[in-house]
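Okay, thanks everyone, I'll keep this short. Have the sequence and the structure open while I talk, and stop me if I go too fast.

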Amino acid sequence: MMTTSTALCIREVEALFRPFSDRKLSLVSRIVMAPMNRKLAPDGIPTPEMARYYCRRAEREVGLIITESATIDDEAASDDSCMPQFYGGAALRAWKRICRAVHATSCKIVPQLCHVGMRRPVTGDIPHPEAYPVGPSGINPLTLEKTGEEMSRQRIADICASFARSARLAQLLGFDGVEIQGGHGYLIDQFLWKETNHRRDIYGGDIVGRTRFACEVIHAVRKAVGSRFPIIFRFSQWKEGHPEARLADSPHELSELLQPLCAAGVDVFDCSENRRPEPAFVGNPLTLAAWTRLLTHKPVISGGGADFNVSESVRMVRSGEADLIAVGRALLADAEWAEKMHLARESDIIPYTLRALSRLY
């Protein structure tokens, strides 16, 4: 017999399993599978195991899957030969099979399109080893040392076009939208962050100038896919190796960052927070996701943090601080996590361990 406390828990958690409906994107639940890089695609070609990996989650009440980072067709876009690519016949056929398999369920799926920029090593098991890393000012985002040259405007234009081509391919393959990786120290984030962008031209300077490259990528993607195809933009204050990094130090600066991105064509913001639900700014309890929702009036995905806090996630959805909740490690460890949580079967949930990183289950 169900106890009152269990029934209350089920009623609270139900907020995460209500359908989400926006003019461009409708989902059966508020649970999003966060993009988690696995780098288990030999030569950049997604495998049948990857299709089964995504489908196991899609079948168990996940509303949206955001795939791991897939690289655009620039020779320096990848940092590992097993990082999936989103170009070329073999890779695209594999992505189409993944898309069709997920669509056999009620779940939707978008690829995350990525360029690693100055995070790319100069040696090791990388595609196109002759290609050098590229970035706004040649600064490595991990070490903050200058190890390369400033990107030319022609290279900037070429990479914008590459993002647009991959987005159009995603649309043609039947995906439900695209996510642009604009966080975590990858190429677009390297333009946004003042520590890695020392440019003195139109792509640098103040916070608005530093958004220009991101805006040109978004605008190119929007032009390629049309007005009705959803564009999700992922961003983060923190960077790998720099957990206290900030793109914006105040709500005003955050608004200056986000408004140009909105104008360029972003439909949904994916806010990656290092320690959700930590306040974004001193003196105010609102999280980065809540501030983004307030400042842009766009749908927001809240994600981040090693441990999933169901009570806080329920509170954020109920209060309107976030529309969707991204789940990472919990879903990595247990493909049935969402269903078990919905049915108050928490005791059956498989806990996350490092072993989950080494296999596609």
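Let's start with a charge over a ring: Arg 119 lies over the face of Tyr 186, at 4.3 Å from the ring centre. Keep in mind that this is a predicted model. There's another case like that, with Arg 212 over the face of Tyr 203, and there the distance to the ring centre is 5.8 Å.

Arg 119 also takes us to Asp 79, since Arg 119 is one of the residues in contact with Asp 79. Where is Asp 79? You'll find Asp 79 in the loop between strand 4 and helix 3. Buried or exposed? The relative accessibility of Asp 79 is 13%, and the cut-off for buried is under 20%, so Asp 79 counts as buried. So who's around? Leaving aside neighbours within four places in sequence, Asp 79 touches Lys 39, Val 116, Arg 119, Arg 120, Pro 121 and Ile 126. With Lys 39 there's a polar contact between the side chains, at 2.9 Å.

Now, rings with rings. How many aromatic pairs does the structure hold? Eight. Take Phe 86 and Trp 95: the ring centres are 5.6 Å apart and the planes sit at 40 degrees, so we call that pair tilted. Phe 86 and Trp 95 are buried, and ring pairs tie them together with Phe 175 into a cluster.

Compare that with Phe 191 and Phe 213. Here the centres are 4.2 Å apart and the planes are at 25 degrees, so this pair is stacked. What I like is that this one links distant parts of the chain: Phe 191 belongs to helix 5, residues 187-192, while Phe 213 belongs to helix 7, residues 212-225, and the two are 22 residues apart. Both of these Phe residues are buried as well.

On to the strands. Strand 6 covers residues 178-181, with Val 178 and Ile 180 pointing one way and Glu 179 and Gln 181 pointing the other, and all of them are buried. That fits the usual pattern, in that side chains in a regular strand alternate between the two faces of the sheet.

Which strands does strand 6 pair with? Strand 5, residues 108-114, pairs with strand 6 in the parallel sense over two bridges, and Leu 113 stands opposite Ile 180. Strand 7, residues 231-236, is also parallel to strand 6, over four bridges, and in strand 7 the bridge partner of Val 178 is Ile 231. As for the connection, strand 5, helix 4 (residues 153-173) and strand 6 make a right-handed β-α-β unit.

Along that path, have a look at Ser 152, in the loop between strand 5 and helix 4. At 40% relative accessibility, Ser 152 counts as partly exposed. The side chain of Ser 152 reaches the backbone nitrogen of Arg 155 at 3.0 Å. Val 134 is 18 residues away from Ser 152 along the chain, and their C-alpha atoms are separated by 9.5 Å.

Last stop, helix 2, residues 48-58. The buried residues there are Met 50, Ala 51, Tyr 53, Tyr 54, Cys 55, Arg 57 and Ala 58. What covers them? The cover includes strand 3, strand 4, helix 3 and helix 11.

That's my tour, so over to you for questions.

Terms used:
Residues are numbered from 1 along each chain as its sequence is written. This is a predicted model: local features need pLDDT of at least 70, side-chain atom pairs count only at pLDDT 80 or more; totals for chains, interfaces and linings use all residues. Side-chain values use heavy atoms; hydrogens and water are left out. Buried means under 20% relative accessible area, exposed over 50%, partly exposed in between (1.4 Å probe, protein chains only). Two strands pair if DSSP finds at least two bridges between them. A crossover is right-handed if, with the strands pointing away from the viewer, the path from the first strand over the helix to the second runs clockwise. Rings of Phe, Tyr and Trp (its six-membered ring) pair if their centres lie within 6.5 Å; planes under 30 degrees apart count as stacked, over 60 as edge-to-face and the rest as tilted. A charge sits over a ring if NZ of Lys or CZ of Arg is within 6 Å of the ring centre and within 35 degrees of the ring normal. Contact means heavy atoms within 4.5 Å. A polar contact is a pair of N or O atoms within 3.5 Å; within protein, one must be able to donate a hydrogen and the other to accept it, and residues adjacent in sequence count only if both atoms are side-chain atoms.
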